[in-house]
Amino acid sequence: MVKLTMIARVTDGLPLAEGLDDGRDLTDAEMYKQQVKALFKNLSKGHNEASRMSVETGPYVFHYIIEGRVCYLTMCDRSYPKKLAFQYLEDLKNEFERVNGAQIETAARPYAFIKFDTFIQKTKKLYQDTRTQRNISKLNDELYEVHQIMTRNVQEVLGVGEKLDRKRFLFLF
């Protein structure tokens, strides 16, 4: 089940949109949101190894797509199919780019596209039940190869940024 959805600009980690009710039924929701923000910060420093990745965190998995200058991220239960999570993100990406593409670079404040929440909520409902015929068909489609998506632990990903920053610091002195 999709638990959390956030969209951010990669160049500076600025959050652009979020599902407004995301995380209400989630214990430790703030902790996971802080992890997402730290992940966005790492991505803004150029610590993105892949344009599609799954990052494990406790009982959940962050799945993200980086397309151009935007990162689309969702957090799901570990049992939620990766393929559906990435198809959900693809749907969000396509609509977000269509509606807001020209204004992404000029957004100056966090959550500048908060009205996109309406689309996030409608799309999230379509993907909630993995057993619907629509979602079973999506799971069976060969839209893209999920096996190529790297899976990492959130601590590993966040630690990579810290190690690189330390190396840069040491190199300067």
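These notebook entries record what I looked up in a predicted model of one protein chain.

**Entry 1: Overall layout**

I began with the chain as a whole. I found 5 helices and 6 strands. Read from the N terminus, their order is β-β-α-β-β-β-α-α-α-β-α. The chain has 173 residues, and 49% of them count as buried. I then looked up the exposed surface, which comes to about 9,200 Å². Carbon and sulfur atoms supply 53% of that surface. I also looked up how far apart in sequence the contacting residues are. Among contacts with a separation of 6 or more, 67% join residues that are 24 or more positions apart.

**Entry 2: Confidence**

Before reading any detail, I checked the confidence of the prediction. The mean pLDDT of the chain is 79, and 68% of its residues reach 70 or more. Where is confidence highest, and where is it lowest? Helix 2, residues 82-100, has the highest mean, at 93. Helix 4, residues 133-140, has the lowest, at 52. In residues 142-148 the pLDDT is below 50. That stretch still has 10 contacts in the model beyond near neighbours in sequence. I note as a caution that predicted coordinates should not be read in detail where pLDDT is low.

**Entry 3: Strand 1 and its partners**

I turned next to strand 1, which spans residues 2-9. I recorded 8 of its 8 residues as buried. Which strands pair with strand 1? One partner is strand 5, residues 70-77, joined in the antiparallel sense over 7 bridges. Within this pairing, Val2 has Cys76 as its bridge partner. Another partner is strand 2, residues 15-18, also antiparallel, over 3 bridges. Here Ala8 is bridged to Pro15, and Ile7 stands opposite Ala17. Strands 1 and 2 form a hairpin, with 5 residues between them. In the turn of that hairpin, Gly13 has a positive phi of about 75°.

**Entry 4: Two cysteines**

I looked up how covered Cys71 and Cys76 are. Cys71 counts as buried because its relative accessibility, 1%, is under 20%. Cys76 has a relative accessible area of 0%, so it is buried by that cut-off too. I also looked for disulfides, taking a pair of cysteine sulfur atoms within 2.5 Å as the criterion. The count came to 0.

**Entry 5: Ala17**

I returned to Ala17, which lies in strand 2. Is Ala17 buried or exposed? Ala17 is buried, because its relative accessibility of 0% falls under the 20% cut-off. I listed its contacts, leaving out residues up to four places away in sequence. Ala17 touches Met6, Ile7, Phe96, Tyr111, Phe113 and Phe116. I also noted the distance to Tyr72, which is 55 residues away from Ala17 in sequence. The C-alpha atoms of Ala17 and Tyr72 are 9.5 Å apart.

**Entry 6: Tyr111**

Tyr111, one of the residues that Ala17 touches, deserved an entry of its own. I located Tyr111 in the loop between helix 2 and helix 3, the latter being residues 117-127. Its phi is positive, about 60°, although Tyr111 is not a glycine. For comparison, most residues other than glycine have a negative phi. I also checked how covered this residue is. Tyr111 counts as partly exposed, because its relative accessibility of 22% lies between 20% and 50%.

**Entry 7: Helices 1 and 2**

I finished with two helices. Helix 1, residues 29-44, has 16 residues. From its first C-alpha to its last it reaches 23 Å, close to the 22 Å expected at 1.5 Å a residue. Which residues of helix 1 are buried? They are Ala29, Tyr32, Lys33, Gln35, Val36, Leu39, Phe40, Asn42 and Leu43. Just after this helix, Gly46 takes a positive phi of about 90°.

Helix 2 has 19 residues and reaches 26 Å from its first C-alpha to its last. The span expected for helix 2 at 1.5 Å a residue is 27 Å, and I noted that the two values are close. How many residues of helix 2 are buried? I recorded 14 of its 19 residues as buried, and the helix is thus mostly covered.

Notes:
Residues are numbered from 1 along each chain as its sequence is written. This is a predicted model: local features need pLDDT of at least 70, side-chain atom pairs count only at pLDDT 80 or more; totals for chains, interfaces and linings use all residues. Side-chain values use heavy atoms; hydrogens and water are left out. Buried means under 20% relative accessible area, exposed over 50%, partly exposed in between (1.4 Å probe, protein chains only). Helices (H or I, at least four residues) and strands (E, at least two) are DSSP runs, numbered from the N terminus. Two strands pair if DSSP finds at least two bridges between them. pLDDT is the predictor's confidence in each residue, from 0 to 100. Contact means heavy atoms within 4.5 Å. The expected span of a helix is 1.5 Å times one less than its number of residues. Accessible areas come from the Shrake-Rupley method with a 1.4 Å probe; for residues, only the protein chains shown count as cover.
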